[in-house]
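User: I am new to this structure and would like a close look at a single part of it. Could you pick one residue, show me where it sits, and then lead me out to the elements of the chain?

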Amino acid sequence: MAALVGGPPATLFSRPAPSAGAHSLGEITAAVTQLPETRPTVSPGPPPASSADLPSSEFGLALGFIVGRYFLNMQDLHYGYWPEGLPVEPRNIAKAQARYTEFLMAHIPDGVRSVLDVGCGAGNTARKLLERGYRVDCVSPNGFLTGVAREVLDGRATIFETRFQDLDTDRRYDLILFSESLLFIPLDQAFAKALSLLTPGGHVLITDIFRVPAEGKSPIGGGHQLPVFRDAIARFPLEPVADFDMTDGIAPTFDLLDGAYREAIQPAYRLLLARIINRHPWVMRFVRWKFRKSFQRYEDKHFSGRRNGANFKKYKSYRLLLFRQRSTPPSIG
């Protein structure tokens with residue numbers, strides 16, 4: 001992602017991101033070079049100093065949001081959900097993201113009044129929930145994105161700036177929403193904390209990426225193993241209400257990512273690298289030798305052509321899952 005924003009060395013020599021964040025949509029937004037006529041609607045001030053200390057995955061989300069908002073008028077960080085007939089082009093990513101949010105909100109059960117948005121990102125989903133009349137609070141451990149969300153929500157929601165598993169509040173909610181945030185949280189901790197925050201008979205709504213058994217090594221990182229997730233949640237008093245496979249509708253996002261790397265990032269990367277080598281041949285000869293493994297990993301990961309929709313469907317399952325808290329625990333034995 002930083003290959004265009006900060007030059008190749010900034011990407012190659014930074015700390016590697018954990019696998020849970022390896023599928024960040026920020027990679028797509030920073031890869032796009034087209035400049036549409038739209039402009040961002042939110043203009044936060046300078047990022048806090050703490051933003052420099054963000055973990056690599058959260059730093060990538062923040063940087064991806066900045067680039068995507070400027071070039072594509074993106075207000076979200078989640079994947080796009082592509083209906084038939086919507087061309088898979090960078091200019092349509094915001095429309096596909098809006099479709100994703102509509103699909104998510106269509107599965108909020110009747111009777112829900114209060115929602116806790118776990119990992120609220122830039123706050124756009126929370127804003128739409130507020131506009132539909134829900135009472136909404138948010139959890140966000142990302143200092144930069146929390147600042148954006150505060151401006152978007154304009155005091156209409158409390159934002160707890162902490163990890164979800166560390167949240168301490170006496171408030172209770174009808175629905176806990178994990179929209180592409182569960183993958184960052186240990187499963188047992190996530191479900192235990194969610195149950196402690198639910199009103200009686202409340203719901204947990206999850207939209208996220210999961211790993212599925214498949215031959216070979218996946219070129220796309222991120223996600224809990226789906227069988228492990230199912231085993232884990234079965235240990236808690238949460239009964240399944242809905243399970244929708246969104247994989248086919250999400251996969252085009254990865255074709256967009258693959259195209260961006262082939263048509264924009266890789267040529268720009270090679271051009272910048274050649275220029276630096278031409279100007280500083282001895283320095284770059286040493287750098288290329290010293291960090292050869294980092295260069296190789298970066299190039300193999302991003303320029304292999306394997307991070308596409310077909311491999312996403314082979315190695316991943318993207319699902320919407322709705323659970324309801326049982327009033328009494330299931331009998332054992």
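Analyst: Happy to. Let us begin with H203, which has its place in strand 5, residues 198-211. Please keep in mind that this is a predicted model.

Is H203 buried or exposed? The cut-off for buried is under 20% relative accessible area. H203 has 10% relative accessibility, so it counts as buried. Setting aside its neighbours within four places in sequence, H203 is in contact with P109, D174, L175, I176, L198, L322, F323 and R324. Two of the names on that list help us find our way: D174 is one of the contacts of H203, and strand 4 covers residues 173-179.

From strand 4 we can walk along the chain. The loop between strand 4 and helix 8 holds E180. E180 is not a glycine, yet its phi is positive, about 55 degrees. With a relative accessibility of 13%, E180 counts as buried. A useful partner to look at is D154, in the loop between helix 7 (143-153) and strand 3 (159-160). D154 is not a glycine either, and has a positive phi of about 50 degrees. Its surroundings are another matter: D154 is exposed, with a relative accessible area of 61%.

Beyond the loop with E180 comes helix 8, which spans residues 187-197 and packs with helix 9, residues 226-233. Two packed helices are described by the angle between their axes and the distance between the axes. For helix 8 and helix 9, the angle is about 40 degrees and the axes are 10 Å apart. The two helices are therefore oblique to each other, and their crossing is right-handed. Helix 8 brings L187, D188 and F191 to the meeting, while helix 9 brings V228, F229, A232 and I233. Sorted by class, this contact has 6 nonpolar residues, 1 charged residue and no polar ones.

A second pair of helices can be read in the same manner. Helix 5 (residues 93-105) and helix 6 have axes that come within 11 Å and cross at roughly 50 degrees. Helix 5 and helix 6 are therefore oblique to each other, and helix 5 passes helix 6 in a right-handed crossing. A98, T101 and M105 of helix 5 make the contact with T125, K128 and L129 of helix 6. By class, the residues here are 3 nonpolar, 2 polar and 1 charged.

Helix 6 itself, residues 124-131, is mostly covered, with 6 of its 8 residues buried. They are N124, T125, A126, K128, L129 and L130. After helix 6 you will find G133, whose phi is positive, near 100 degrees.

Next, have a look at strand 2, residues 135-139. Of its 5 residues 4 are buried, so strand 2 is largely enclosed by the rest of the structure. Strand 1 (residues 114-118) runs parallel to strand 2, and 5 bridges join them. Within this pair, L116 stands opposite D137 in strand 2.

Finally, step back to the whole protein chain. There are 14 helices and 8 strands in it, and 54% of its 333 residues are buried; H203, where we started, is counted as buried too. Among contacts with a separation of 6 or more, 74% come from residues 24 or more positions apart.

Definitions and conventions. Residues numbered from 1 in each chain as written. Predicted model: local features only at pLDDT ≥ 70, side-chain atom pairs only at ≥ 80, totals over all residues. Heavy atoms only, no water. Axes fitted to C-alpha atoms, helices over the stretch in contact; angles between N-to-C directions. Helix = DSSP H or I, 4+ residues; strand = E, 2+ residues; numbered from the N terminus. Parallel < 35°, antiparallel > 145°, perpendicular 65-115°, else oblique. Left-handed = near helix turned anticlockwise from the far one by under 90°. Contact = heavy atoms within 4.5 Å. Nonpolar A, V, L, I, M, F, W, Y, C, P; charged D, E, K, R; others polar. Buried < 20%, exposed > 50% of the residue type's maximum accessible area, 1.4 Å probe, protein only. Pairing = 2+ DSSP bridges.
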